[in-house]
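Open the model in your viewer and keep the sequence panel beside it, so that you can select residues by number as you read. The tour moves from one selection to the next and says what is to be found at each stop.

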Amino acid sequence: MTTHASGDLGIHAAGLTKSYGDLRVLDGIDLAVPRGSVLALLGPNGAGKTTTVRILATLTAADSGTARVAGLDTVTERSRVRRLIALTGQFAAVDELRTGTETLHMMGRLAGLSPRAARARADELLARFGLTEAAGRTAKTYSGGMRRRLDLAASLVSRPEVLFLDEPTTGLDPRSRQDLWELVRELRTDGTTVLLTTQYLEEADRLADRVAVLADGRIAAEGTPAELKSRVAGHRLDLTLTTGAAYEALAPRAVHLAPDELTLGLPTDGTAAHVRALLDELDPDRTDIERFTLRSATLDDVFLALTGADR
């Protein structure tokens, strides 16, 4: 993990552990997120992503370890931390009986803004999230994507120093997802520290300065998207097999699996010599491979290689 001075970090965790009964969810998590950067936390379901977020957001106590957010201890300075952070969970949490304007105005007042400043901030965020025309309608009339945008707007009313986004694009249509990606880029430019958990690996690849992969309660790997992809392979050779037997024979070597299409991917350096050698090694009789495609490695390959998910 890259070393930073503690004052340069928006999020700093050391040795976090958490168990629920006999289930060990976190087993010594270390994180160092520079201020004004985006960290994507990846991992299969149950890996501990949400638990990590809840500990850092002061909603759950770790069994051991320490955490500082916005330079403050999450246990001894809990109240101060809460004034400097915002959290958007996996599902939009908005009052369906309030209008968009009422929701954001209320959040502004709770954040300590004057009535005039709260109205101005509400108007600003409604415009930023494309909700101005729907501002006077109750949230129960909003689509799922609109509710998610209102929920995100509410989390930004207080201009948090650190923003936790726990699978924020779940259920969003492609257009709304693109809009959220642009917002995250703007927040980073403005100096906000963002910790993002996501099931969409493309999302992490596009947004994150660094990526941490959770597996078995530990950080299995951490680095820039490019660094992690280079650890698996610079390129991937996707093979479509002619029979199920041929597919099963090669599956243990694969970093990408698509059984319905009898397609799997193997790491390669991308050179013609290595591709030819692989094809000759894997299919010497030239009967098992129907076709092949050479492609750059993705975070999907990293995810599968490090976690064994969906293998």
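In this predicted model, begin by selecting helix α3 (residues 100-110) together with helix α4 (residues 115-128), whose axes come within 8 Å and cross at roughly 130°. Two packed helices are described by the angle between their axes and the distance between the axes. With the angle found here, α3 and α4 are therefore oblique to each other, and α3 passes α4 in a right-handed crossing.

Now show the side chains where the two helices touch. On the α3 side, select Gly100, Thr101, Leu104, His105, Gly108 and Arg109, which meet Pro115, Ala118, Arg119, Ala122, Leu125 and Leu126 in α4. If you colour these residues by type, you will find that they divide into six nonpolar, four polar and two charged.

Next, select strand β1 (residues 9-20) and strand β4 (residues 64-69), which run antiparallel and are joined by five bridges. To find one pairing, pick Thr17 and look across to its bridge partner in β4, Ser64. Keep β4 selected and add strand β5 (residues 72-73), which pairs with β4 in the antiparallel sense over two bridges. Here Arg68 has Asp73 in β5 as its bridge partner. The hairpin of β4 and β5 has two residues between the strands, and Ala70 in this hairpin takes a positive phi near 55°.

Move on to helix α1 (residues 49-56) and switch on a surface: is this helix mostly covered or mostly open? The helix is mostly covered, since six of its eight residues are buried, namely Lys49, Thr51, Thr52, Val53, Ile55 and Leu56. After α1 comes Thr58, and the phi of Thr58 is positive, near 70°.

For the last stop, select Leu187, which lies in helix α6 (residues 174-189). Is Leu187 buried or exposed? Leu187 is buried, because its relative accessible area is 6%, and the cut-off for that word is under 20%. To see what surrounds this residue, set aside its neighbours within four places in sequence and display Arg128, Leu156, Leu163 and Thr192, with which Leu187 is in contact. Finally, add Val38 and draw a line between the two C-alpha atoms: Leu187 and Val38 are 149 residues apart in sequence, while in space their C-alpha atoms are 9.4 Å apart.

Notes. Residues numbered from 1 in each chain as written. Predicted model: local features only at pLDDT ≥ 70, side-chain atom pairs only at ≥ 80, totals over all residues. Heavy atoms only, no water. Helix = DSSP H or I, 4+ residues; strand = E, 2+ residues; numbered from the N terminus. Buried < 20%, exposed > 50% of the residue type's maximum accessible area, 1.4 Å probe, protein only. Contact = heavy atoms within 4.5 Å. Axes fitted to C-alpha atoms, helices over the stretch in contact; angles between N-to-C directions. Parallel < 35°, antiparallel > 145°, perpendicular 65-115°, else oblique. Left-handed = near helix turned anticlockwise from the far one by under 90°. Nonpolar A, V, L, I, M, F, W, Y, C, P; charged D, E, K, R; others polar. Pairing = 2+ DSSP bridges.
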